[in-house]
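Let's take a walk through this model together, going from one residue to a small sheet and then on to the nonpolar cores.

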Amino acid sequence: MSSVFPWLSIRLLLCLAGGLLGACGPTPESLTILGPEERQLREPGQSVRLEYEAKDSQGRRLAEPRVHWSSSSPEVATVDKGVVVARKTGQAVIEVSGGRARASTRFVVTIPGRLALRAGEQEFIEIGRPERLFATVLDELGKRIRDAAPEWRSQDESIARIEDGRIIGVGPGTVKLSATVGHLSQELTVQVVPAFIRLAVEPSRHVFTKRGQGVQFRARALDSRGRTVDGVPIHWFSSDASVIQVSSSGYVTAVGPGRALVTLSAGRRVGAAEVIVP
């Protein structure tokens, strides 16, 4: 009897200490991880439990086999008793082994690190004219995540609301939109203005008498009834800086002889006035 109890004690210690390894179970002859060969994880701390099948030499399934789990890149994804947890962006091969039997599956961890947001093709949104929302999602390494679709939300639907990935202006003002992908969220400030159809500039033509003179041009955004629309951001340019210089407020200064255009733009609309310097 004295030779039996030490053996039982050692066996019991192995069973207690080998919980992770399944040291008390039979050694499998074959292992198969069920499910796809590649899996995606998108959030830090996101976990998934792997199911596997172990069989003996007769092809019979084993209920509690002796297996060991390991990760090729624990800094990317860890594994404990078949539960895989995402840590950071990268790739990791998760393997289960028992005796000579092995099976593995690949995990691609892509954790969003930054969002680049844009509303429409203009710097503002017009009331009643839907514009598409754009979001570029980058992972922690700066690479684009092409299949990541953010969830958009308007913080004031009296100014703008969101429908099917588009923003619709409701009333004039400034509104903040939020886009969320997993654990990452970012805001975008959008200006909403009344709809307009063209830009008018005054004077439409100006002739300077000498260099160094200046004149203030004025621009208006007009709706379909010819009414002035306030609050539209307008940008001013010179078609030839050697002839005229144009300030951001539309003040034009004669520089050198010739003809040039004072051009202005607001979103997709443009306007122009001719200037002559003798």
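Thr136 makes contact with Arg114, Leu115, Ala116 and Arg144, leaving aside residues up to four places away in sequence. Keep in mind as you look that this is a predicted model. Thr136 sits in strand E12, which covers residues 131-139. Is Thr136 buried or exposed? Its relative accessible area is 28%, and because buried means under 20% and exposed over 50%, Thr136 counts as partly exposed. You can also look along the chain to Ala148, 12 residues apart from Thr136: the C-alpha atoms of the two are separated by 8.6 Å.

Now turn to a sheet elsewhere in the chain. Here 3 strands are arranged in the order E3-E7-E6, giving an open sheet with antiparallel pairing. Strand E3 (47-49) and strand E6 (77-80) are its edges, each pairing on one side only. On average, neighbouring strands of this sheet are turned by 20° against each other, with direction ignored. Between E3 and strand E7 (residues 83-86) there are 3 bridges, and Arg49 stands opposite Val83 in E7.

What about the nonpolar interior? The largest nonpolar core holds 24 residues, and Phe196, Phe208, Phe217, Val232, Ile244, Val252 and Val262 have the most contacts inside it. Several strands supply at least two residues each, including E18 (198-202) and E27 (269-277), while E26 gives the most, with 4 residues. Val252 is a good residue to click on: among its contacts are Phe208, Phe217, Ile244 and Val262, not counting residues up to four places away in sequence. A second, separate core has 21 residues, among them Ala54, Val67, Val76 and Ile111.

How values were computed: Residues numbered from 1 in each chain as written. Predicted model: local features only at pLDDT ≥ 70, side-chain atom pairs only at ≥ 80, totals over all residues. Heavy atoms only, no water. Buried < 20%, exposed > 50% of the residue type's maximum accessible area, 1.4 Å probe, protein only. Contact = heavy atoms within 4.5 Å. Pairing = 2+ DSSP bridges. Axes fitted to C-alpha atoms, helices over the stretch in contact; angles between N-to-C directions. Core = buried A, V, L, I, M, F, W, Y, C linked by side-chain atoms within 4.5 Å.
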